[in-house]
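Please find below a colleague's note on the structure, written for reading at the bench with the sequence and the coordinates to hand. The points run from the whole chain to individual residues.

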Amino acid sequence: MTKPRQSRTGRPFDSLEQEAFLSLWRTYDRLRALEEELFGRFDLTPQQYNALRLLCGEHPKKLRTLDLASRLVSRAPDITRLLDKLEQRRLIDRDRPANNRRIVRIGITTAGLALLRELRDPLRECHVQQLGHLSQKELKELIALLGAARLPHEEPDSTWR
């Protein structure tokens, strides 16, 4: 553990690790607000967008529900409900193979692909608004540092390793 230091309010952090964590949390909150505003205009949550993005990457193939859930950026405790909402909007479709009815496969629909195309430019603009003030070198350093912080906490088979 590292030596505590003073916060901007004059109160000490318990450790440098705590300061880094709280700074990361605050940064996430500020950047997330911009993204949620954008997705709200399309009646989507960030997790729903992430699911559509992953399904688009597999298109025209389909993914099993558990495989999709394991690839999401953040955990979705109720993946079924998340998928129900996307299916109600006809952005995804689900099927069960005849030889194993316990498996559910999910694919993105034409409407889902169209929505992602519509989101492409506004989302790029959002990311520029979020992080465009950083240089390419700083972005690469940030990506490396975040990966190093996350690595010991990732599952061995995670696509984020």
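The numbered points below take up the fold, the surface, the charged pairs, the cysteines and one residue of a strand.

1. Status of the model. The structure discussed here is a predicted model, and the remarks that follow should be read with that in mind.

2. Fold and overall form. The protein chain contains six helices and three strands, and, when it is followed along the sequence, these elements come in the order α-α-β-α-α-β-β-α-α. The radius of gyration of the protein chain is 19 Å, well over the 15 Å that the globule rule gives for 161 residues, so the chain is more spread out than a compact globule. The C-alpha trace of the protein chain spans about 60 × 35 × 30 Å along its principal axes.

3. Burial and contacts. Of the 161 residues in the protein chain, 27% count as buried, and the area that the protein chain exposes comes to about 11,800 Å², with carbon and sulfur atoms supplying 54% of that area. If one considers the contacts in the protein chain with a separation of 6 or more, residues 24 or more positions apart account for 46% of them.

4. A nonpolar patch on the surface. F21, L22, W25 and Y28 together make a nonpolar surface patch of about 470 Å². One of these residues, W25, lies in helix α1, which covers residues 16-41, and W25 counts as exposed because its relative accessibility is 53%, where over 50% is required for that label.

5. Salt bridges involving helix α1. As a general matter, side chains of opposite charge can pair when their charged atoms come close. The structure holds 14 salt bridges, one of which joins E37 to R41, with the closest N and O atoms 3.3 Å apart. E37 and R41 are four residues apart in helix α1, and therefore about one helical turn separates them. The two partners fall into separate accessibility classes, since E37 is partly exposed with a relative accessible area of 46%, while R41 is exposed with a relative accessible area of 54%. In addition, D29, R30, R32 and E36 are linked in a network of salt bridges.

6. A salt bridge between distant parts of the chain. K62 forms a salt bridge with D95, and the closest N and O atoms of this pair are 2.7 Å apart. The pair links distant parts of the chain, for K62 belongs to the loop between α2 (46-58) and β1 (63-64), whereas D95 belongs to strand β2 (residues 92-95), and the two are 33 residues apart. K62 is partly exposed, with a relative accessible area of 31%, and D95 also counts as partly exposed, at 23% relative accessibility.

7. The pair E87 and R94. The side chains of E87 and R94 meet in a salt bridge, with a distance of 2.8 Å from N to O. E87 counts as partly exposed at 32% relative accessibility, and R94 is likewise partly exposed, with a relative accessible area of 24%.

8. Cysteines. How many disulfides does a search of the whole structure find? The search finds zero disulfides, and the distances explain why. For C56, the closest cysteine sulfur is that of C126, which lies 19 Å from the sulfur of C56 and is therefore too far for a bond; a disulfide would call for two cysteine sulfur atoms within 2.5 Å. Seen from the other side, the closest cysteine sulfur to that of C126 is in C56, again 19 Å away and too far for a bond. As for their surroundings, C56 counts as partly exposed at 32% relative accessibility, whereas C126 counts as buried at 5%.

9. The setting of I108. Is I108 buried or exposed? I108, which has its place in strand β3 (residues 105-108), counts as buried because its relative accessibility is 6%, and the cut-off for burial is under 20%. When residues up to four places away in sequence are not counted, I108 touches L52, L55, C56, H59, L91, I92, L113 and L116, so that C56, discussed above for its sulfur, is among the contacts of this strand residue. By contrast, the C-alpha atoms of I108 and P152 are separated by 32 Å, these residues being 44 residues apart along the chain.

Conventions:
Residues numbered from 1 in each chain as written. Predicted model: local features only at pLDDT ≥ 70, side-chain atom pairs only at ≥ 80, totals over all residues. Heavy atoms only, no water. Patch = residues over 30% accessible without salt bridge, like charges linked within 9 Å, V, L, I, M, F, W, Y side chains within 5 Å. Areas by Shrake-Rupley, 256 points an atom, 1.4 Å probe, with all protein chains shown as cover. Salt bridge = Lys/Arg side-chain N within 4 Å of Asp/Glu carboxyl O. Buried < 20%, exposed > 50% of the residue type's maximum accessible area, 1.4 Å probe, protein only. Rg over C-alpha atoms; globule rule 2.2 N^0.38 Å. Contact = heavy atoms within 4.5 Å.
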